[in-house]
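Open the model in a viewer and keep the selection panel at hand. The stops below are meant to be followed in order.

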Amino acid sequence: MKKIIYVFSFLITGSFNLLSQETPESKREPGHTNNNKFKQLYEEFSSPNRYRTASGAPGSDYYQQQVDYIMDLELDDKNTKLYGEETITYTNNSPDNLDYLWIQLDQNIRKKDAPALEKNGGGADPLIPVEVFASKYFDEPFDGGFNINWVKSSSGIPLKYTINNTMMRVDLPSSIKSGESYSFKIKWWYNINNHVTNRARSGYEFFPKDGNRAYVIAQFFPRLAVYNDVEGWQNYQFWGNGEFALNFGNYEVNLTVPADHIVEATGDLKNPREVLTNQEYKRYKQAQNSFDKPVIIVTEQEVIEKESKFSEKKKTWKYIANNVRDFAFASSRKFIWDMMAVKVGPKKVMAVSLYPKEGNPLWEEYSTVAVAQTLDTYSKYTFNYPYPKAVSVHAKNQGMEYPMICWNYGRPDEDGKYSDRVKFGMISVIIHEVGHNYFPMIVNSDERQWGWMDEGLDTFMQYLTEQEFGQNYKEAIVPLEKYPSRRGDPEKIVPYMSGFQKNISPIMSNPENVFQLGPNAYAKPATALNILRETVMGKELFDHAFKTYSKRWMFKHPTPEDFFRTMEDASAVDLDWFWRGWFYSTDYVDIGVKEVKKYRISSKPSPEVDKILSAYGMTANDLAPNYVFMSSDTDESNSDNESSNSINNSTPLKKYLEENPEDYDLNKNSLPKNFYEIEFEKPGGLVMPIIVDYIFKDGTKKRVEYPVQVWRKNDDSVKKVLATNKELVAIKVDPDLKTADIDISNNSWPKEKSASDFEKFKNKIKG
Amino acid sequence: MDLIIFFKKISIFFTLMFSQLINNIDVHDYYVSTTEVNFSYNNHIQITIKVFIDDFEEMIQDNNNNLKLAPDSDSKKIDQITNQYISEKLKIKINNSQLKYEFIGREYKSDILQLYYEAVLTEKVQVITFENNILYDYFKNQQNIVHFKNDKFRRSFLFTKNNSKSSLSIN
């Protein structure tokens, strides 16, 4: 009897290894290390510590530096120069004493000899448009970059500094001890670039018709680099793609511009009475209580009158911003200005738009409402927006974010007409850039190292917001039923993930070194999170974990691991396999049906069973009479009557059921009689839950979701049995296209051939 | 030849089309087109070209500044410029003769323009040669992908400005 149980255990595990090992092998297989897809990420993650815990929360010794700025700025519109003098107060909350400070000089990426200009390869152009050729080979490079007048201590003593490309080291007379603060001053100026012709995140657009410029100014002042427990000094140079790593602090900024300019900036405007006309001020006050629609503070007509005047006078706009990681501003006499009040939790926030008349009629209609929708949706999924306002500024070709303010594209034609493409592009970019207030302006990840941490999370939230915008502003999307989001739906990432491997990088790559930042740092992580939410974790568990992460790291500096750990910590869902596959590799999802076999309960052992038994010198008669035999439909030796209830084929089974009448009703028709063995194949490297629709002859359908863990012990294929009293006629894997399966030609049984776009189109025009 | 990659398993959805518009990036636009060339039934060749509307509009407006795509300002003129351009830039040679393909139509799918062409084979194919120069004259970093498929196998090619031609032997 012992022996029989022994043999039987092989049958249960379906493993015939022991049998095959009876014949000696010519060569012993080499060993291997743990390369299981479900292996925990101990090797990829750094050890948790007192700064950052294993749960993904800030630890008991977590610290971050505080950097406060007082700045006097002057914009010289005539000569397109910006002048500044700033006092920086650096508070060292780290346990370390600092001998020097690193300061970011981002404008230096536009120095004539900046290495960033030569960072890319690329040969001669055999064919090249004339203006591109002229600017490439004949133009003098733009004379940009910071001119540092001086760096001084607060008492006026010059400090020694060394500039290395976009980073400046200031050597301190004595080290800043842990817990101490240090103040010093920098005076600087630079030539402002045209951001349209010389594509950049910041600069001016020139309007030849009226001779005006609209400025959107950012990365414009020497800013402290981040010092923390992960990087030490984050002084990785600014090469153009990897964005910013910045400290929180308080800002007091006095900004002097031509008197007829309208300005928006990070922070609260402290002197509206001084810089606005009486009428503007009246409307400005009125807007503070307008919750139903925006109030126009400066109208298009007023702007048109101003455009030709070019005031020689100056005005100083004064701003105070607390707990922000940066400061940016927009200034022009061309700006139309509208705003409305939005209720966010218990607080009032101003949703604001600033645009030249070239943006109308689109901007007047949609910008401020898109800002309001963003504050509403993001606050629901993360935390209540903590700042007093969110501003959307229209700048050609721009899509760039700063605390409380961002630049956005989307411009109608000169006759005021615009396509749906332009409209949805504009609404989407506003949602995206305003949404960046949450990631990374408040949940302050290191963009220089990890582009996806803000872009991916923001693009994911953008998708949710766009869908809510579509529900709330139905007239804006007519005749569509849902907002046409470009990113987020799983099937939209398929072309990228199935692309040439040599052109794809894992998400966990530095933004400078990836091939296409758009799909890599925006679309793929956003889609991954969407799949996590809708398919892997479920909305409730995901939303709670995502909110936990947002709240834990609000006004702090998280790393990828803090995100990964928190999502598991708050949900009890092991996700190491998901992070490993989607974030650390370029693997893709491809799961399909390989084979389907129908089994019935049979009176005799199948040849397969006979074979195993005979290998042990046994026959079926040696088995105890308490086993059920099953044989495949294709098994010719099966002589059982096919029409009979197959339970009757097995005497031991029938007897067992009869002996346990309280558990089983033998006469009930619902007991399964058909047993389908389905083999799922997985040509793709990513493991995923298997979502299957089983479709039966009577027209009914059964949805089954096998947990991702089915792939633990066999990464290539897995068999499952469907026990049913119905007849199976078809199987569909991932029927709703929820997993970004890159090849759905193997998703159906029996195989279905889907018509190509070409064939569909040809049929359409024929019909 | 290193750009020719053989895929054991390539999906019919193997189209390398990405969102080209990158928010927040200094100079980082991504330009790509894909062309699927399928030998189908009855010696027909189906050609589907997918290109970003914005990119293609640059070319159209370079020829005629008043034209706009999606919605089209003048479909006939756009068809005409499109066909002229594609016939110059996408050359397919069967053995030693240039393949003449016929315009079937075009349609928009989200931010992508899909162009359809068809041709009839008149001889047994031994060698097929692709030369794809679509939009190199507008975007220096343009990449063009060609997926070839007949009933026996599939093959994909990645073309760039400096590597725009490739041949395939079919036996």
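The tour takes chain A as a whole, then its parts, and ends in chain B.

**Overview of chain A**

This is a predicted model. Select chain A and orient the view along its principal axes: the C-alpha atoms fill a box of roughly 105 × 70 × 60 Å. A cartoon of chain A has 19 helices and 31 strands to draw. Of the 767 residues in this chain, 41% are buried. Among contacts in chain A with a separation of 6 or more, 74% are between residues 24 or more positions apart.

**Two domains**

Colour residues 66-449 as domain 1 and residues 590-767 as domain 2 of chain A. Their C-alpha centres lie 61 Å apart.

**A four-stranded sheet in chain A**

Which strands form the open sheet that includes β9 of chain A? Select β8, β9, β18 and β14: they form the sheet in the order β8-β9-β18-β14, with antiparallel pairing. The edge positions belong to β8 (203-207) and β14 (262-265) of chain A; each has a single partner strand, so one side of each has no neighbour in the sheet. On average, neighbouring strands of this sheet are turned by 10° against each other, direction ignored.

Now restrict the view to β9 (residues 212-217) and β18 (residues 329-332) of chain A, an antiparallel pair joined by three bridges. Show A:Tyr215 and, opposite this residue in β18(A), A:Ser331.

**A loop residue after β9**

Move on to A:Phe221, in the loop between β9 and β10 (223-224) of chain A. Is this loop residue, A:Phe221, buried or exposed? A:Phe221 has 27 other C-beta atoms within 10 Å and the cut-off for buried is 20 or more, so A:Phe221 counts as buried. Leaving out residues up to four places away in sequence, A:Phe221 touches A:Met71, A:Gly84 and A:Glu86.

**A buried helix**

To reach the next stop, draw a C-alpha to C-alpha distance from A:Phe221 to A:Phe583: the two are 34 Å apart in space and 362 residues apart in sequence. A:Phe583 is one of the buried residues of α16(A), together with A:Trp577, A:Phe578, A:Trp579, A:Arg580, A:Gly581 and A:Trp582. Helix α16 (residues 576-583) of chain A is largely enclosed by the rest of the structure, because seven of its eight residues are buried. Add α13 (517-536) and α15 (560-569) of chain A to the selection; both are included in what covers the buried residues of α16(A).

**A helix crossing**

Select α8 (residues 420-435) and α10 (residues 451-472) of chain A. The axes of these helices come within 9 Å and cross at roughly 130°. That angle makes α8(A) oblique to α10(A). The crossing of α8(A) and α10(A) is right-handed. To see the contact, show A:Ile427, A:Ser428, A:Ile431, A:His432 and A:Gly435 on α8(A). The α10(A) side is made by A:Asp458, A:Thr459, A:Met461, A:Gln462, A:Thr465, A:Glu466 and A:Phe469.

**A sheet in chain B**

Finally, switch to chain B and select β4, β3, β7 and β10, which form an open, antiparallel sheet in the order β4-β3-β7-β10. Here β4 (97-98) and β10 (165-169) of chain B are at the edges; each has a single partner strand, so one side of each is left without a neighbour in the sheet. Strand β7 (residues 127-132) of chain B pairs with β10(B) over five bridges in the antiparallel sense. The last pair to label is B:Glu131 and its bridge partner in β10(B), B:Lys165.

Conventions
Residues are numbered from 1 along each chain as its sequence is written. Chains are lettered from A and ligands numbered from 1 in the order in which they are written. This is a predicted model: local features need pLDDT of at least 70, side-chain atom pairs count only at pLDDT 80 or more; totals for chains, interfaces and linings use all residues. Helices (H or I, at least four residues) and strands (E, at least two) are DSSP runs, numbered from the N terminus. A residue is buried if 20 or more other C-beta atoms lie within 10 Å of its own, exposed if 12 or fewer, and partly exposed in between; C-beta atoms are placed from the backbone. Two residues are in contact if their C-beta atoms, placed from the backbone, lie within 7 Å. Two strands pair if DSSP finds at least two bridges between them. Axes are lines fitted to C-alpha atoms, for helices over the stretch in contact, and angles run from 0 to 180 degrees between N-to-C directions. Domain bounds come from an automatic or database domain assignment. Angles under 35 degrees count as roughly parallel, over 145 as roughly antiparallel, 65 to 115 as roughly perpendicular and the rest as oblique. A crossing is left-handed if the near helix is turned anticlockwise from the far one by less than a right angle, and right-handed if clockwise.
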